[in-house]
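Me: I would like the terms used for this model set against their definitions. Please go through them one at a time.

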Amino acid sequence: MSDDGQAVTIDCTVLVIGGGFGGAWAALKAAERIPGVVLVDKAYVSRSGASTMSGGVTTAPQPEDDLDQWVEELSVLGGYEADQDWTRALITDQMQRVADLDSWGVPIVKDAAGVIKRIKSRGMLAVRALQYAPRLAMEALRERADAAGARIMDKVEIVELLTSDGLYPTKGRVVGAIGFDVRTGTPYVIRAKRVILATGPLAIKGFHPVDNDTGDGFAMGYRVGGRFVDMEFATGGTFSFVWAGYRFSNYNIAVGHGARLINAAGERFMERYDPVRYERSELNRVVAAFLKEIMDGRGPVYLDLTHVDDDYWTALDRALAGRPSILKSGRIPDPRLHPLPIEPGWSFWNGGKGGLQLDLTCHTSVPGLMAAGGVARNAGVGRHGSAGTPTAWAMVSGARAGVAAAEDALTEDEPELPDGLVDDLLRRMLRPLRDGDLMSMDKLHGEVCDIMGSQMELMCQNEGRIREALVRTRALRDRLDGLRVADVHELVKFHEAKNTLDSFELIYSCMDDRKESRESFYREDYPYTDDGGWLCWHTATRVEDGISFDKQEIPFWRYRFRPPRLATYLSPIAAIMRGEYDPAVHSNVSPRR
Amino acid sequence: MAEQTGGTPGTDRVRVDPDSCNGCGRCLQSCPTDVFRMVELTDRSVALAVYPDDCCDCNLCVIDCPQHCITVNLAPVAYGFVSIYQRMGIDIPALPALPSLPALPGKPA
């Protein structure tokens, strides 16, 4: 508590929640325009979340590129689900974001002539990415946001948005947020004219190293009634090394330098599944393919780094910027000599594939509430998420949100709060410190994790699994009201678990509503991709008596790139699992010019 | 505090060498999951990993520590992860002996 035991009240113009690329760019751009900008993070801005830990690759358009070709490739690879106005904005703005990082001295890999070196990334033929040091980019951003006058509040966990009518979902607008200091428990009430949610994607605690991306923004946005798009795509493939169980998060860079995947017989098995792109295929298909290899008796599967060029090892260092890599730890056999056995995984990690729906100035459907980064649907690429597009999206949407929020705040009235709302929310926020049955929050997060089942079960959904997950999610959510926590540190994890459960409710409900399979989302009971029925923006909004779903029409009539036909076919993962993968049908490579 | 929550201060998972720690508190700032707290010794304050079980292997504390006195043991994914190979009864070929070779190019890990 503060010295007098009261909550600290702060009035600001723009409140940015979350200090990764989305939030830090938003705070910088807003603070360059108006005073009174506050950036709050539950950890420490530049040492928090997915941006700092990201793989060191971001999309790198240059003025000489044919941007039409880029828009086309991103639209096609995103299954034509991109908002093509956003795709163009994403690429155009990203040129400036890259130029900014470069001018600040953020390390970017360059050639001998000092020109930014660009790599092909998985799934891409025209689109290029660069390699840089994300942690140092975050440090530079923090420094600049601070110099521009943004007030940075580290180690404050935001737990709920404030609404002008006190209703959840609101019929009014968002006017601030409440939270608490993660060490002292001092409550904060922050009133704001505009709130930007930039809390990143959802990961599950225990799947390192982004344990603090617990879906806080999904949950808060869901509770106030924000409109989400395509949340059923919030799971995806990943892999880890068998020997030590370590997750390998720099696949992009490895593939860019010649890494291969082979099976027990030494076959470069991706030839069977995607003979055009091989290891550069969508990561979800790669993981499904090697799961299939294992099930068909051709496992174990190996990541073969024996062919990578020498530049790979220095590129890896640069991306990790001092963080250790298991590859160089000496705890596994020398990766230059031995292919490394790998383990398929499937987990919650949306990477912008599903999230809050944003217009071109990053407003959500709820007045007063904006968003940026992984908490929002990456409108520029739809379902696709490679070539550094998640970080490009975070930087671009963050900067746009900051500019628009500052402009909005100039003409917005002072926020007004309904009587009693703050007291009520504060009481509920701190309640677990006072009463209930004591429970370890690690145990609680273990139970949350159990809901999603095994990797295989999470990848292969069906009505029974989805409904059971929903029942278990709601039952555990109901139990939270009766739990007590040991200390303030545990209170943080309590609210994180609550937010993950609310994210689950939203995601599993969206899975239940989509009666088809599409790219990373696979339902055994609806294995076909049905463009006529489901090539749309599938939205979900919390309303008083549940969730309201909609299928928004994608405005192809005014887009440059349109699907050649609306087809119905076995989804790529369904096809991989059934051994019926057909490159002619499933390789959605953009037409070469 | 930590005993109640299942944490075990002072385990090898995250370790601050108390002799080298200068009490600057950088690790308290760096850690995304807030593992560290300052504790009073008789003559000075040092950092201690009070919530080591919350470590998420990001190694930001290791990078940021000016005294280079923090060690983090990389650890496998948590929460009952079961290997598909184990579930399907597939043997992984034995780990070849770690050969002693020149260091990999680039900065050593």
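Reply: What follows takes compactness, burial and strand pairing in turn. This is a predicted model, in which local features need pLDDT of at least 70, side-chain atom pairs count only at pLDDT 80 or more, and totals for chains, interfaces and linings use all residues. Residues are numbered from 1 along each chain as its sequence is written, and chains are lettered from A and ligands numbered from 1 in the order in which they are written.

Me: Why is chain A called as compact as a globular protein of its length?
Reply: The radius of gyration, taken over C-alpha atoms, is set against a globule rule of 2.2 Å times the number of residues to the power 0.38. For 593 residues the rule gives 25 Å and chain A has 23 Å, which is close, so the description applies. The C-alpha trace spans about 70 × 55 × 55 Å along its principal axes.

Me: What makes a residue of helix α3 of chain A count as buried, and which residues do?
Reply: A residue is buried if 20 or more other C-beta atoms, placed from the backbone, lie within 10 Å of its own. In α3(A), residues 67–77, that holds for A:Trp70, A:Val71, A:Glu72, A:Glu73, A:Leu74, A:Ser75 and A:Leu77. Of the whole chain A, 59% of the 593 residues count as buried.

Me: What makes β3 and β5 of chain A a pair?
Reply: Pairing requires that DSSP finds at least two bridges between two strands. Three bridges join β3(A) to β5(A), and the two run antiparallel, so they pair. One of the bridge partners is A:Gln131 in β5(A), opposite A:Val57.

Notes: Buried ≥ 20, exposed ≤ 12 C-beta atoms within 10 Å, placed from the backbone. Helix = DSSP H or I, 4+ residues; strand = E, 2+ residues; numbered from the N terminus.
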